[in-house]
Amino acid sequence: MQYFEELVHDGKLEEAEKYFSGFCQLHENMLSTKTYFELRRQKFLEALDKHERVKALEILMKEFKVFAPYNEEVFKEATLLLPLENFRQHESLAKYGDPKIERSNIMRGLKQCIQENPKLKGKLQFPVTNNSSLQRLIMYGEAAGSSSDVAKAKAKAKGVTFF
């Protein structure tokens with residue numbers, strides 16, 4: 001979850017979507033669909049904010065069209081934003097602010113969708129292990145290998161540096 005949040009906050013929306021796709025498919029359930037929609041909507045609005053009309057049109061045609069069966073009006077409204085010099089002229093987006101702030105705003109909604117998504121139950125936090133379990137695994141590994149293999153592994157480990 002933390003990695004996904006960082007991607008969204010940093011504006012790496014395509015990477016965030018790709019990462020999310022490793023856990024959920026677009027039409028898997030309504031919460032997954034909403035998550036994809038919000039990521040793509042933000043990507044579309046950021047392209048408009050940068051006056052990248054070609055990119056915004058590409059996002060609209062390639063990435064937004066899949067949501068038309070859920071709500072055709074959303075696709076039509078997005079189409080109306082393309083010719084506007086400032087998409088904030090549209091009354092529903094008049095309060096749209098800086099993209100960084102908007103990413104934080106959508107992240108709150110995304111977080112709720114993700115936490116409620118049944119497909120992601122138990123997958124949001126890194127698993128917690130206690131030290132005794134790790135020590136037991138190491139001891140089993142050492143016991144399974146011959147004493148000469150363990151000695152070789154320790155010799156190799158001495159040459160490894162982390163900094």
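This passage describes the nonpolar core, one buried charged residue and the largest pocket of a predicted model. Local features need pLDDT of at least 70 and side-chain atom pairs count only at pLDDT 80 or more, while totals for chains, interfaces and linings use all residues. Residues are numbered from 1 along each chain as its sequence is written, and side-chain values use heavy atoms, with hydrogens and water left out.

The largest nonpolar core (buried Ala, Val, Leu, Ile, Met, Phe, Trp, Tyr and Cys residues joined through side-chain atoms within 4.5 Å; buried means under 20% relative accessible area with a 1.4 Å probe, protein chains only) has 33 residues. Phe4, Val8, Phe44, Leu45, Leu48 and Phe64 touch the most other members. Helix 3 gives the most to this core, with seven residues; helices are DSSP runs (H or I, at least four residues) numbered from the N terminus. Contacts of Val8 (heavy atoms within 4.5 Å), not counting residues up to four places away in sequence, include Leu13, Leu39 and Ile106.

Glu17 lies in helix 2 and is buried, with a relative accessible area of 12%. Beyond four places away in sequence, Glu17 touches Tyr36, Leu39, Arg40, Lys43 and Glu63.

The largest pocket (on a 1 Å grid over the protein atoms alone, an open set of points where a 1.4 Å probe fits, with protein on both sides within 12 Å along at least five of seven lines) holds about 190 Å³ of space, the volume filled by probe spheres set on the points. Helix 3 (30-49) and helix 5 (72-81) each give two or more residues to its lining. Among the lining residues, which have an atom within 4 Å of a point, are Phe37, Arg41, Glu77 and His90.

Technical notes
Buried means under 20% relative accessible area, exposed over 50%, partly exposed in between (1.4 Å probe, protein chains only).
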